[in-house]
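Reader: I am new to this structure and would like a close look at one part of it. Please take me through the strands and how they are joined into sheets.

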6 protein chains.
Amino acid sequence: MPYVNIKITREGATVEQKAQLIQGVTQLLVDVLGKNPKTTVVVIDEVDTDNWGIGGETVTILRKRK
Amino acid sequence: MPYVNIKITREGATVEQKAQLIQGVTQLLVDVLGKNPKTTVVVIDEVDTDNWGIGGETVTILRKRK
Amino acid sequence: MPYVNIKITREGATVEQKAQLIQGVTQLLVDVLGKNPKTTVVVIDEVDTDNWGIGGETVTILRKRK
Amino acid sequence: MPYVNIKITREGATVEQKAQLIQGVTQLLVDVLGKNPKTTVVVIDEVDTDNWGIGGETVTILRKRK
Amino acid sequence: MPYVNIKITREGATVEQKAQLIQGVTQLLVDVLGKNPKTTVVVIDEVDTDNWGIGGETVTILRKRK
Amino acid sequence: MPYVNIKITREGATVEQKAQLIQGVTQLLVDVLGKNPKTTVVVIDEVDTDNWGIGGETVTILRKRK
């Protein structure tokens, strides 16, 4: 019955990629800890690059610099 | 001064229903623990069904199957 | 399949009180939104009063003042 | 390598203000705890006023009353 | 630069198992989304069974029944 | 009425340092967004180094290597 929250920047992850993340992390919890997949909940948050900071700067600014 | 975060799938909860959740959970914390409602904060996150997984699958896929 | 996280200060909530919170918030989601209780997950975090701030001060200091 | 999550109501915070929050909280963690800013992550969530409750009411209703 | 939070009940996960979860979910984000592992943060919360509810009951009670 | 959650590794932050974080981030929200400090909530989570991963490894292992 684990709960997993994955936060990524909103930069075009597809429906298929998000389904793969959900499938993969659920399986990981089965493989490593023997958790029941039926009650394993995964929530993906996609966050605007203006709202995500690393190194004191927004990802919007980091992306422009490159 | 509790903080409550409620995550639900984005499937049409109305403004009135969300107000009821906020009212109800705040009252529950008053009734059970004697918490001060004035500083009780409730945040509701509505999550796309593509971004919510249970049993290793997205809710989008679960809804289609039924 | 909602997920609820309740954060309270660690100030002596009993096992029974925590069970009441879990029962109450699960029922609230059934009553207001018709959610399935079987896959409703509730996690309670109890936080040291040194680690909880309101009004710019820790709860430890607020409790001493009173 | 701290992680900071700031939740505010969605009421017009600008890109510049959000960048200031990210810069400021990252610097605070450097100043107080000597944390490495390069791996300090800050995520800002802007929440609809219908989805934020305090005192048992939504912020939407609180704003109207004033 | 994703951030992943894994919440599990505190029921004896070993240091090695937790390291496997961290390694596995970081690799998953590399494989599915091409994310940079160097800035991928994973936080595991282990929650007392008295503080985790599913189906309106605590896990402590669920475990006793079986 | 913002809510801030700061997650750091449990490596000896003092009561005074945690009070400074709470004071500093509350003031930041006043300065940048004009938020009301009275209803600004800050929660600090201190996480075991076995439970925190970056770059696919636990902080426990990273600390030993240095």
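**Strands and sheets**

Author: This is a predicted model. From the N terminus on, the elements of chain A follow the order β-α-β-β-β-α. That gives chain A four strands and two helices.

Some overall values for chain A come before the sheets. The radius of gyration of chain A is 15 Å, whereas a compact globule of 66 residues would have one near 11 Å. Along its principal axes, the C-alpha trace of chain A spans about 45 × 25 × 15 Å. Of the 66 residues in chain A, 58% are buried. Among the contacts in chain A with a separation of 6 or more, 65% are between residues 24 or more positions apart. Chain A exposes about 2800 Å², and carbon and sulfur atoms supply 50% of that area. Chain A has 9 positive and 8 negative charges, and the mean positions of the two sets are 3 Å apart.

Now the sheets. Strands of a sheet pair through backbone hydrogen bonds, and the pairing is either parallel or antiparallel. One open sheet has eight strands in the order 4(D)-3(D)-2(B)-1(B)-1(C)-2(C)-3(E)-4(E), and its pairing is mixed. At its edges are strand 4 (57-58) of chain D and strand 4 (57-58) of chain E, each of which pairs on one side only. The order shows that strands from chains D, B, C and E take part in this sheet.

Within that sheet, strand 1 (residues 3-9) of chain C lies beside strand 2 (residues 41-47) of chain C, and the two pair in the parallel sense over seven bridges. One position in this pairing can be named: C:Val4 is opposite C:Val42 in strand 2 of chain C. Not every pair of chains in the sheet is in contact. Chain C and chain D do not touch, and their nearest C-alpha atoms are 14 Å apart. Chain B and chain E do not touch either, with 14 Å between their nearest C-alpha atoms.

Another open sheet of eight strands has the order 4(B)-3(B)-2(A)-1(A)-1(E)-2(E)-3(F)-4(F), again with mixed pairing. Its edge strands are strand 4 (57-58) of chain B and strand 4 (57-58) of chain F, each pairing on one side only. An antiparallel pairing in this sheet joins two chains: strand 2 (residues 41-47) of chain A and strand 3 (residues 52-54) of chain B are linked by three bridges. There, A:Val43 stands opposite B:Trp52 in strand 3 of chain B.

The same sheet order places strand 2 of chain E between strand 1 of chain E and strand 3 of chain F. Strand 1 (residues 3-9) of chain E runs parallel to strand 2 of chain E, and seven bridges join them. E:Thr9 has E:Val47 in strand 2 of chain E as its bridge partner. Strand 2 (residues 41-47) of chain E is mostly covered, as seven of its seven residues are buried. In a regular strand the side chains alternate between the two faces of the sheet. In strand 2 of chain E, one side holds E:Val41, E:Val43, E:Asp45 and E:Val47, and the other holds E:Val42, E:Ile44 and E:Glu46; all of these are buried, so both faces are covered.

The loop that leads into strand 2 can be looked at in three chains. In chain F, F:Thr39 is found in the loop between helix 1 (15-33) and strand 2 (41-47). F:Thr39 counts as buried because its relative accessible area is 17%, and buried means under 20%. Leaving aside neighbours within four places in sequence, F:Thr39 is in contact with F:Met1, F:Pro2 and D:Ile54.

In chain D, D:Thr39 is also in the loop between helix 1 (15-33) and strand 2 (41-47). D:Thr39 has a relative accessibility of 18%, so it counts as buried. Not counting residues up to four places away in sequence, D:Thr39 touches D:Met1, D:Pro2 and F:Ile54.

In chain C, C:Lys38 sits in the loop between helix 1 (15-33) and strand 2. C:Lys38 is exposed, because its relative accessibility is 65% and the cut-off for exposed is over 50%. Apart from neighbours within four places in sequence, C:Lys38 is in contact with E:Ile54 and E:Gly55. C:Lys38 and C:Thr26 are 12 residues apart along the chain, and their C-alpha atoms are separated by 9.2 Å.

Notes: Residues numbered from 1 in each chain as written. Chains lettered and ligands numbered in written order. Predicted model: local features only at pLDDT ≥ 70, side-chain atom pairs only at ≥ 80, totals over all residues. Heavy atoms only, no water. Rg over C-alpha atoms; globule rule 2.2 N^0.38 Å. Buried < 20%, exposed > 50% of the residue type's maximum accessible area, 1.4 Å probe, protein only. Contact = heavy atoms within 4.5 Å. Areas by Shrake-Rupley, 256 points an atom, 1.4 Å probe, with all protein chains shown as cover. Lys, Arg positive; Asp, Glu negative; His and termini not counted. Charge placed at Lys NZ, Arg CZ, Asp CG, Glu CD. Pairing = 2+ DSSP bridges.
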